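Could you walk me through how the features of a protein model are read, one step at a time? I would like the general idea behind each step and then the case at hand.

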Amino acid sequence: MSVGKPSSAPPSSPMFSLRGSLITLAVFTLLSLAYFSLNFSVSSPPPPSVTATVDRPVVRQEETSDSNPSPVEEEEEFSDVYHSPEVFRLSYAEMERKFKVYIYPDGDPNTFYQTPRKLTGKYSSEGYFFQNIREGRFRTEDPDQAQLFFIPISCHKMRGKGTSYENMTIIVQNYVESLIAKYPYWNRTLGADHFFVTCHDVGVRATEGLPFLVKNSIRVVCSPSYDVGFIPHKDVALPQVLQPFALPAGGNDVENRTTLGFWAGHRNSKIRVILARVWENDTELYILNNRINRAEGNLLYQKKFYTTKFCICPGGSQVNSARPMDSIHYGCIPVILSNYYDLPFNDILDWRKFAVILTEKDVYQLKQILKAIPYSEFLTLHKNLVKVQKHFQWNSPPIKYDAFHMVMYDLWLRHHVIKY
């Protein structure tokens, strides 16, 4: 008798089981994709385009307030008048955050130290710097935090007190040597992280008694001529600005500029003698062999800048003068007619975008050169000139991007090449 086996359901087909699993997996996958797709589209912003991240400056959220430029204004502000607009923007911002300067406290302010002589006249740039360095954000009382050290001796004040060249040299030498003996900072770099400021050429002469000061330290001077020892990668060209300006800034007024070229001044250099001799009787270039006589009318010299397209800027007793800065202020395109002139902020600004750069030998073809400039190019030069006016203006207290901040930025660039 056989024992019967318990009955059971027939086994399911293997094909049926595999098909069910695949259907279940497909449904689950579709639901997952739909969920993640919906979630990504709601919560995630679109990725930035390559053009936006490369060509346009990045603007943080806090920079879009009323007190800061909008992205469009910022892009316009950092235009191609700069050699590297984006590098300038980023490095300038870093300078504002990090740059610190220690001012040596030694020296009686009532004599030749610490304070400016005055903030007026053609050497006022020196005075403004002395004042601005104390008003701005860059001063530190802790020398261990400083990237650079300022030697606050004013040769302009010495000149004002009638000090002779010989005595100036002795005073500068004694002062610097006393700082070297008293503090350890000079000897760390042999003075490479030290700088002094002088606008009058007498200041350059007064430092010649200290060859190591001229050779090693950063000279911030108004007479930046290659042929008298100025070293472009080390020294800084200080703009010689005649402030206060007699009249408001010009610009966006090309319809009023009917005179081709203008210059009036003293024949105190070879190039000025040639300029006057060749062009003073020309009918299209307004060239005078002296300053306009005040008896002919009030501020006629300054007003002439408003009605001229191109203002001629020949070197005087030195390669520099205040005339390029006057031209920029009054909206007249400067025509630089000098050899060996390292123009202020030349490593930051592309002067050829807002000025005409010539050499002294071009004086004989001056009118032909100016007349050959197309009107469209003149308009572009004038538009760019207005953009850079803020860089050649001193203020007290200083404001962003003005002459003081541009000098500080040049110093900021120099401090990066110092080898400790």
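## Reading the model step by step

A: Let us begin with empty space: about 450 Å³ of it lies in the largest pocket of this predicted model. Of the 22 residues that line the largest pocket, the closest to its centre are Lys122, Gln240, Arg272, Ser321 and Ala322.

Q: How is such a space found, and which classes of residue make up the lining of the largest pocket?

A: Rolling a probe the size of a water molecule over the atoms shows where empty space is left. In this model the lining of the largest pocket comprises 5 nonpolar, 11 polar and 6 charged residues.

Q: Before going further, how many helices and strands does the protein chain have, and what share of its residues counts as buried?

A: There are 16 helices and 11 strands in the protein chain, and 48% of its 420 residues count as buried. As for contacts in the protein chain between residues with a separation of 6 or more, 70% come from residues 24 or more positions apart.

Q: How do I read the packing of two helices, and at what angle do α4 and α16 pack?

A: Two packed helices are described by the angle between their axes and the distance between the axes. Helix α4, residues 85-98, packs with helix α16, residues 403-415, at an angle of about 90°, and their axes are 10 Å apart. The two helices α4 and α16 are therefore roughly perpendicular to each other. On the side of α4 the contact is made by Val87, Phe88, Ser91, Tyr92, Glu94, Met95 and Lys98, while α16 contributes His405, Met406, Met408, Tyr409, Trp412 and Leu413. Sorted by class, the contact of α4 with α16 holds 9 nonpolar, 2 polar and 2 charged residues.

Q: At what angle do α5 and α16 pack, and which residues of these helices meet?

A: Helix α5, residues 124-135, and α16 pack at an angle of about 80°, with a distance of 10 Å between their axes. Angles of 65 to 115 degrees count as roughly perpendicular, and α5 and α16 are therefore described in that way. Here Phe129, Asn132 and Ile133 in α5 meet Phe404, Val407, Met408 and Leu411 in α16. The contact of α5 with α16 divides into 6 nonpolar residues, 1 polar residue and no charged ones.

Q: Is Ser125 buried or exposed, and what is Ser125 in contact with?

A: Ser125 is placed in helix α5. Because its relative accessibility is 0%, and buried means under 20%, Ser125 counts as buried. Leaving aside neighbours within four places in sequence, Ser125 is in contact with Cys199, Leu238, Pro239, Gln240, Val241 and Trp394.

Q: Is His382 buried or exposed?

A: His382, which lies in helix α15, residues 375-388, has a relative accessibility of 3% and so counts as buried. Not counting residues up to four places away in sequence, His382 touches Gly251, Asn252, Asp253, Val254, Arg257, Gly331 and Ile333.

Q: Which residues are buried in helix α11, and what do they pack against?

A: In α11, residues 270-279, the buried residues are Ile271, Arg272, Ile274, Leu275, Ala276 and Trp279. They pack against the strands β7, β8, β9 and β10 and against the helices α13 and α14.

Q: Where does Thr258 lie, and is Thr258 buried or exposed?

A: Thr258 lies in the loop between β6 and β7, and with a relative accessible area of 66% Thr258 is exposed. Along the chain Thr258 and Thr307 are 49 residues apart, yet their C-alpha atoms are separated by 5.9 Å.

Q: What should I look for in the backbone, and which peptide bond is cis before Pro244?

A: The peptide bond from Gln243 to Pro244 is cis, with omega near 0°, and Pro244 is found in the loop between β6 and β7. The peptide bond from Ser396 to Pro397 is also cis, with omega near 0°, and Pro397 is found in the loop between α15 and α16.

Q: What is phi of Gln114 near, and what is phi of Asn252 near?

A: For Gln114, phi is near 70°, a positive value in a residue other than glycine. Gln114 lies in the loop between β1 and α5 and, at 7% relative accessibility, counts as buried. For Asn252, phi is near 55°, again positive in a residue other than glycine. Asn252 lies in the loop between β6 and β7 and is exposed, with a relative accessible area of 61%.

Note on methods: Residues are numbered from 1 along each chain as its sequence is written. This is a predicted model: local features need pLDDT of at least 70, side-chain atom pairs count only at pLDDT 80 or more; totals for chains, interfaces and linings use all residues. Side-chain values use heavy atoms; hydrogens and water are left out. Axes are lines fitted to C-alpha atoms, for helices over the stretch in contact, and angles run from 0 to 180 degrees between N-to-C directions. Helices (H or I, at least four residues) and strands (E, at least two) are DSSP runs, numbered from the N terminus. Angles under 35 degrees count as roughly parallel, over 145 as roughly antiparallel, 65 to 115 as roughly perpendicular and the rest as oblique. Contact means heavy atoms within 4.5 Å. Ala, Val, Leu, Ile, Met, Phe, Trp, Tyr, Cys and Pro count as nonpolar, Asp, Glu, Lys and Arg as charged, and the others, Gly among them, as polar. On a 1 Å grid over the protein atoms alone, a cavity is a set of points where a 1.4 Å probe fits but cannot get out, and a pocket is an open set with protein on both sides within 12 Å along at least five of seven lines; lining residues have an atom within 4 Å of a point. Grid points are joined across faces, edges and corners, and a volume is the space filled by probe spheres set on the points. Buried means under 20% relative accessible area, exposed over 50%, partly exposed in between (1.4 Å probe, protein chains only).
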